[in-house]
Amino acid sequence: MKKLKSILLGLLTVMTLTSQNNVPVYLDNSQPLELRVKDALSKMTLEEKVKLCTAQSKFSSHGVPRLGIPEIWMSDGPHGVREEIEWDSWNAAKWTNDSCTAFPALTCLAATFNTQLSRDYGVAIGEEARYRRKDILLGPGVNIYRTPLNGRNFEYMGEDPYLAARIAVPYIKGVQQNGVAGCVKHYALNNQEVWRGHINVNLSDRALHEIYLPAFKASVEEAEVWSIMGAYNQFRGQHCCHNELLLNKILKADWKFDGVVVTDWGGTHDTKQAALYGLDIEMGSYTNGLSSKATFGYNDYYLANPFLELLKKGEVPMSVLDDKARRILRLIFRTSMMGNRPYGRFVCDDHSNTARRVAEEGIVLLKNDKQFLPISAARFKKIAVIGENATRSMTEGGGSSTLKVKYEISPLDGLQKAYGLQNIVYSKGYSTGPSVYGRVIEPKENQKELFDAAVLAAKDAELVFFVGGLNKNHEQDCEAGDRTTYNLPFNQDNLIREILKVNKNVVVVLVSGNAIAMPWLKDVPAVLQSWYLGSESGNALANIITGKVNPSGKLPFSFPVKLEDSGAHAFGEISYPGDSINQEYKEDILVGYRWFDTKKIKPLFPFGFGLSYTTYEYGKMSADKKQYAADETIQLSFTLKNTGNVDGAEAVQIYASQPKASVVRPAKELKAFDKISLKAGETKTVVLNVKVKDLAFFNDKTHSWTVEPGEFVLYNAASAAEIKSTVKIQVK
Ligand code: BGC
C-alpha cells in the first residue's frame, strides 16, 4: 500500500513537473512553493548546491546561473536601506541613485508602543528595499537591552521580550509583503559589543527562553520570517552562527523555521560545524577566516570548497547540503522569483510621513515642570540652541546601520522653522570627531572656546534648547564597541550645569539610543528623549516642542540612576563584560524593570514611562471571571479618560505577577499593551486580553513552560512604576 502510494506520488510529481507548456515547474510561480523547490533541487549539481551557501560579494550570495535562478542581494538594515557597497570591500560604491529615507532607529519604534505603526514602518522600509532590488533586508534587531553600555542598543527594541516581540512581528510582515525577506538579528545573546566576536555567554535555560528568545520565536512562529542572522558571540562554547542547540534544536526543530540562517559577516569559524550545526549562507568571511585582505577568495569560504570536499569524502551527508539548498531556494522563490512581486517605492512623501509619524510617536517626554512645554512661537524671542547634536548628522555612523540619506532635517533646522531664523542663535558647546568605525578621532576645535561661547549664548537668551546626548561614534551608540561611561560624554554634564547658572529656562533634548545619567535633572524644567529619528528628525522634534503633536512615546527600557543599579552590573566583571573569554548572566531573568521592581531599586525613569501634554484617568480594571483554566483567556477592561484639554494618545500597559510560586518570579511582567487615542474629554473602554498560558515561566527542570495554579495579580499601569489598579484571579 505504502509502495503504491509512493509510486503514485512520484508519477504525479513527474507529471506536474513537466505539465505546464513545457515550463519547468521551478520557474512556474503558480505552482506550490515546495514543488518548485523540489524541482529546482532535482536539476542541480552538487557544485551548484554548494555554491548557494556562500557569498560572491560583500552583500550578495550565488544563484544558479545555468538554471536562471538569481543571486540573493542583501542590505542593512534595520532603519533604512544602506548605500551600495563595492563588490569586494567595505567602501561605498558611489552610486548616485541610492540615497534613502532614514526611518527612526528601532528604540524609537519600540517607544511608540504602536503595533500598527510598526507595520507601516515595515511596509515602507520593505518598499525601499524592494525598489533597490534587495532580496533580504538585514533587520529588525531584537537583542534584549541588558546594559545601558551596549553600543548597539539603538538598533534593538528595548529590555522587554514581550514588547520586542509585538513590535518585531508587524515590522517583519510589512517588509515581507513586498517580496523582501526580513532577517531578524542577531540570534542570539549579542547583548554587548565588547569582545562580541568570541565572548562565550552562559546563562540559565530559563533566562534564555523567558528573556532572550521570545522576540526571535515570535518572528519565526508568528511573522514567519524568511531569514535569521546568527550572532558573533559564542553560547555555551559554540559560536552562534553554527550552534547546535540554538540553530538545529531550538530554531529549526522546535520552532520549525523553514528559512535561511545567514551568518553575521565574518561570523563563521569552522567548516564542519557550519555544515552540521545549522548555518545556511556564509557572508563576510575573509579568505583565511582570520585576516583582512583586499581580495577575498570566496571559494575558500568555510562553506565553499572546504565544504564540497567534506561532502565528497562522505564526512558530511548529502542530506545536510540538500536541506541548506532547499532553504535557500525557498527564500529565492519567496522573493526574487515570487509571482506578482510588488515593485516597491523609494524616497516618497508616504515614506517621509511614516518616518515622521514614528518619530513623533516615539519621542518621550521625561520631565515637564509646570507645563514648561509646549512652547508657542510667541513665548520667547531670543532662543539659544546649544549642543553638537542639534546639527550633527545622526543617520551616518553607528556601524553597519549607517545610511546615505536623501535628506535629514536636523533639530536646529526644525527649531528654526518653528520659531523663526531671526530668533535663534546656535552655539555648538562641544565638538566631537567624525564617525570612524572602530576608533575615536579627536575633534580639531578648541573645546574651551566652544564651551565658553555656549555659556555666553545661554546667558544672552530667554530660552535654551540643549540638544546633546550620545552620537554614532565609536564608544557611543555604535557597533564594535560599548560605551565606557554611563554619564553624558564630551563634558556635557558640566556644560549643562554652567548653562543652568546663567539661565533656568533650559529644555534638554537627549539624542541617543541608550539611557544616561542625569545629575542635573532636578534643575531643568523639561527633558525630552528624542532617539535617532532619521530623515524627519527636526520636523518631528519641533512638532512635539511646539505642541503641534502631543507626546505619547514611552520608554522601552529603564534608566537607572547609576550604572551599578542595573542587574547586568550588580555582579562584577564576570557578568559584564565577562573575563574576556567567558561571561555569565548572573542577574538571570531579572533584566531591566524585572530587576528594579523585584529588588526594590528606584530607577531614574522606569520602563514604560512617558508624559503627555494632557492627563489620563484610568478606571478600575476588572476581569471577565474570577477563575480560569490553563487554556483560557483573561479579558480585562477598564475605562480611560482624557481629562486634559488637548487630544492625545496613551500607551496603556498590563502587567502580571504570581506572588506565591515555586520559583523566583519577577515583581511584574508586561503581558499586554495598547495605544489608545482620545480626544480632549473623551472616555473609552479599553479591553485587553491575556492568555493564561502566557503567565507561564520556563521550567528549567522539566524544560517546558509551566503555569502553576494559584493566585495571579494583574495590573493596569501607565508605566512599570505607576500601577493604576489591580485584579486578582485564580488559575485552576
Ligand atoms: C553586523 C550586522 C550587519 C552586517 C552586514 C555586521 O557587522 O553585525 O548587523 O548586518 O555587518 O553589514
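User: How many residues of the shell around the ligand are nonpolar, polar and charged?

Analyst: Start by sorting the shell by residue class. This is a predicted model. Here the shell divides into 6 nonpolar, 2 polar and 7 charged residues.

User: Which residues come nearest to the ligand?

Analyst: Rank the shell by distance. There are 15 residues around the ligand. Asp76, Arg152, His186, Asp264 and Glu479 come nearest.

User: How do I read a polar contact, and where is Asp76 in this?

Analyst: Look for N or O atoms in a pair within 3.5 Å. For Asp76, a side-chain N or O atom is 2.5 Å from an oxygen atom of the ligand. Glu479 also places a polar side-chain atom 2.5 Å from a ligand oxygen. For Arg152, the distance from a polar side-chain atom to an oxygen of the ligand is 2.7 Å.

User: What share of the ligand does the protein bury?

Analyst: Take the area of the ligand alone, then ask what the protein covers. Alone, the ligand exposes 310 Å². The protein buries 97% of that area.

User: Now the whole chain. Which domains does the assignment give?

Analyst: Read the bounds in order. Domain 1 spans 2-334 and domain 2 spans 349-556. Domain 3 covers 558-613, and domain 4 covers 614-731.

User: How many residues of domain 2 and domain 3 are in contact?

Analyst: Count each side separately. Domain 2 contributes 27 residues, in contact with 17 residues of domain 3. The centres of the two domains, taken over C-alpha atoms, are 25 Å apart.

User: What area is buried between domain 2 and domain 3, and which atoms give it?

Analyst: Read the area together with its atom make-up. About 1800 Å² is buried between domain 2 and domain 3. Carbon and sulfur atoms give 63% of it.

User: How many salt bridges are there between domain 2 and domain 3?

Analyst: Count salt bridges and polar contacts separately. Between domain 2 and domain 3 the salt-bridge count is 0. Polar contact links 8 residue pairs between these domains, with both residues at pLDDT 80 or more.

Key: Residues numbered from 1 in each chain as written. Predicted model: local features only at pLDDT ≥ 70, side-chain atom pairs only at ≥ 80, totals over all residues. Heavy atoms only, no water. Near = heavy atom within 4 Å. Polar contact = N/O pair within 3.5 Å; in protein donor to acceptor, adjacent residues only side chain to side chain. Areas by Shrake-Rupley, 256 points an atom, 1.4 Å probe, with all protein chains shown as cover. Nonpolar A, V, L, I, M, F, W, Y, C, P; charged D, E, K, R; others polar. Domains from an automatic or database assignment. Contact = heavy atoms within 4.5 Å. Buried area = accessible area lost by both parts, 1.4 Å probe. Salt bridge = Lys/Arg side-chain N within 4 Å of Asp/Glu carboxyl O.
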